[in-house]
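Student: Please take one part of this model and look at it closely for me, namely how its side chains pair and pack. I would like a single connected account, with the cut-off behind each term stated as you go.

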Amino acid sequence: MQIIGLVIAAVLLYFPYVWCKFRHEDEKLYGLKWFLTPSSKRDLIFALVFTLAPLTFISIYWPPEWGRGGIHNPELLQALDMAGGGVAAAFIEETFFRGWLQTILARHLKIWLAIFLTALIFSLSHLILITGWLRVATFFPGLIMGILRHRGKSVLPGIIYHAICNIWAVWFAPIV
């Protein structure tokens, strides 16, 4: 099963670059040349503060009947493993979903519909390995990452946001 996961991760990460090479398109059109502008840095900080601050409060006071909540204290190696996986997932998922898919959809649809559909597909992809209604809540950060990609013209702001959120989730997410 781990080999299958690695193959899927490699396809999601490298497919957009191969697509650009095969079609002789500039990777920058897909946001795949990573950079941060002063405005994308401000957008990123704004998104982090106004999502993670309230979510931290909510997580600490999460009702037990909804599932586990509060601050979690994983073992050091487990925390490093989970955080590392979360950072790797940020690179892989942002490259594919916001870099390739959102760009393709935006060519045929209005940008806000492309961001919405990309976030929806992104959230549904989180149900593949682990099911649960909270897994679909990844739709909302998906919207934020789509907006960061659109406004910043690069997947890098979304990668940073996604990675920080995944690291945050090691200690505060109410789901495993």
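Tutor: C20 is buried, with a relative accessible area of 1%, and C165 is buried too, at 14%, where buried means under 20% relative accessible area, exposed means over 50%, and partly exposed lies in between (1.4 Å probe, protein chains only). With a disulfide taken as a pair of cysteine sulfur atoms within 2.5 Å, the count of disulfides is zero. This is a predicted model, in which local features need pLDDT of at least 70 and side-chain atom pairs count only at pLDDT 80 or more, while totals for chains, interfaces and linings use all residues. Residues are numbered from 1 along each chain as its sequence is written, and side-chain values use heavy atoms, with hydrogens and water left out.

The charged pairings come next. Side chains of opposite charge can pair when their charged atoms come close. Here a salt bridge is a side-chain nitrogen of Lys or Arg within 4 Å of a carboxyl oxygen of Asp or Glu, and by that rule there are five of them. One of the five joins E25 to R107, with 2.8 Å between the closest N and O atoms. This pair links distant parts of the chain, since E25 sits in the loop between helix 1 and helix 2 (38-60), R107 sits in helix 3 (residues 76-108), and the two are 82 residues apart; helices here are DSSP runs (H or I, at least four residues), as strands are runs of E of at least two, numbered from the N terminus. The two partners can be set side by side for accessibility: E25 is buried at 17%, whereas R107 is partly exposed at 38%.

A second salt bridge, between D26 and K33, has an N to O distance of 3.3 Å. D26 is partly exposed at 38% relative accessibility, and K33 is likewise partly exposed, at 39%.

In a further salt bridge the side chains of R151 and D43 meet at 2.8 Å, N to O. R151 belongs to helix 5 (residues 139-152) and D43 to helix 2, so this pair ties together parts of the chain that are 108 residues apart in sequence. R151 is partly exposed at 49%, while D43 counts as buried at 17%. Salt bridges with shared partners also join R23, E25 and R107 into one network, which brings us back to the E25 and R107 pair described above.

From the charged pairs we can turn to the nonpolar packing. In soluble globular proteins, nonpolar side chains tend to be buried together. A nonpolar core is defined here as a set of buried Ala, Val, Leu, Ile, Met, Phe, Trp, Tyr and Cys residues joined through side-chain atoms within 4.5 Å. The largest such core has 25 residues, and among them Y30, W100 and Y161 touch the most other members. Helix 2, helix 3, helix 4 (111-125), helix 5 and helix 6 (156-172) each supply at least two residues of this core, with the largest share, seven residues, coming from helix 3.

W100 deserves a closer look in this setting. If its neighbours within four places in sequence are left aside, W100 is in contact (heavy atoms within 4.5 Å) with F15, P16, W19, Y30 and T95. Of these partners, F15 lies in helix 1 (residues 2-23) and is partly exposed, with a relative accessible area of 30%. F15 also takes part in a nonpolar surface patch of about 480 Å², made together with I3, L6, V7 and V11. Patches are made of residues with over 30% relative accessible area and no salt bridge, like charges being joined within 9 Å and nonpolar side chains (Val, Leu, Ile, Met, Phe, Trp, Tyr) within 5 Å, and the areas come from the Shrake-Rupley method with a 1.4 Å probe, only the protein chains shown counting as cover for residues.

Another residue to follow is A83, which lies in helix 3 and is buried at 13%. Beyond its neighbours within four places in sequence, A83 is in contact with I167 and V170. A83 and I164 are 81 residues apart in sequence and 9.1 Å apart in space, C-alpha to C-alpha.
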